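Trainee: I should like a close look at the salt bridges in this structure. Which residues do they join, and how are the partners placed?

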Amino acid sequence: MKSVATAPAKIILFGEHFVVHGTKAILAAIDKRVTVTTTFTENKTIKINSELGTIEVPISFPLSIYQVESEFRPFIYLVNNMILAKQNVSGLEITIDSEIPIGVGLGSSSACCVAAAASISGLFKELSSEENLKMAIEAEKTNFPDTSGADCTVCTYGGIIEYDKINGIKKINNTSELYIMFVNSMIPHSTARTVEKVWEFKENNEERFSQLCALENELIGEVKLAMTNFSATAPQAKYANDDLNLIGQKMSENQQMLEEIGVSNRELQNIISILDEISYGSKITGAGDGGCIIALMNEGDDLRIGEEPQTPEGTDGYGPQLSILLRELVDRQAGWAKIDTKGVVWSKIEE
Ligand code: MEV
């Protein structure tokens, strides 16, 4: 018998970092997924296969999370959890297949924790979404104890959500019709270190930081209105142009705040200034200091970008200079996403 779970990647549209300090954030799940498959074995080991490598440890309980590299710790935590629940296990094999780029701010580790919680525990019993989320957040804490829980929450429920640490999730809408371009800056970053840097900024600039938190909450209030201005419950419901303009403008305002707290840099700003020319608005997503930039675009823009400019205006209509800059971004590493409306999905396959 196989227990298979998939969970989506995420973007933070508004409020990263500030959410760690109690403000609201708006997040969206996107249509890139990780799949975690778990099976029983007779090997008396826990074996984990992923694109980062394979590990196999003897099944003596409780397993120490410190006997494995950090990227495998959440899985060992989850296996332990099953054993603490007094399940009788002779061995397990866990396989991770992912289409989410790793370490670029698109929530690869959170999606893994969410899918792994569902897949591993699903061999024994199906969990409710709330139970699954709780376990996934605890698993994520093995690597990132300061997590706000926002990333795992959106990977669990899908769609576009509002999140804060006290009230948890409020679903904003469930339309998939938002077109996002992401560009990987290719600058490696550490979420834990960036979160620490923001704590330092807060300690040194207490008054300004609390003003910024208030501004972030206000901004999110305005965006929420634009996101609920229409009956966006159906996946195919579309935003009005005015609403897209407002959402994009607020993304740019949010970016200014992220720059002020020190999680941007010149290279990220360069990418943003190019994307601002062709989008409603663009910003860092996730921790910053590197990782991905996201831009709010129109349907079909993916087909225009990257065209060779064959006329003075460029076949893509952006003009030759901008066209060349855009092609450089695409060559570096860029992608497109729509909103995922499903969240975590689990199934059991009898063999
Ligand atoms: C990381 O994707 C988002 C941060 O706000 C941290 C968190 O919310 O846990 C930087």
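Mentor: What follows takes up three individual pairs and then a network. The model is a predicted one, and a search of the whole structure finds 18 salt bridges.

Within helix α5 (residues 191–204), Glu 196 and Arg 193 lie three residues apart, about one turn of the helix. Their side chains meet in a salt bridge, with 3.1 Å from N to O. Glu 196 has a relative accessible area of 42% and is partly exposed; Arg 193, at 37%, is also partly exposed.

Arg 208 and Glu 260 form another salt bridge, in which the closest N and O atoms are 2.6 Å apart. This pair links distant parts of the chain, for Arg 208 belongs to helix α6 (residues 206–227) and Glu 260 to helix α7 (residues 241–260), 52 residues apart. Arg 208 counts as partly exposed at 31% relative accessibility, and Glu 260 counts as partly exposed at 34%.

A salt bridge is also formed by the side chains of Lys 250 and Glu 222, at 3.1 Å from N to O. Here too distant parts of the chain are linked: Lys 250 is in helix α7 and Glu 222 in helix α6, 28 residues apart. Lys 250 has a relative accessibility of 6% and therefore counts as buried, the cut-off being under 20%. Its partner Glu 222, at 34%, counts as partly exposed.

Finally, Glu 177, Lys 238, Glu 299 and Lys 338 are joined into one network by salt bridges that share partners.

Terms used:
Residues are numbered from 1 along each chain as its sequence is written. This is a predicted model: local features need pLDDT of at least 70, side-chain atom pairs count only at pLDDT 80 or more; totals for chains, interfaces and linings use all residues. Side-chain values use heavy atoms; hydrogens and water are left out. A salt bridge is a side-chain nitrogen of Lys or Arg within 4 Å of a carboxyl oxygen of Asp or Glu. Helices (H or I, at least four residues) and strands (E, at least two) are DSSP runs, numbered from the N terminus. Buried means under 20% relative accessible area, exposed over 50%, partly exposed in between (1.4 Å probe, protein chains only).
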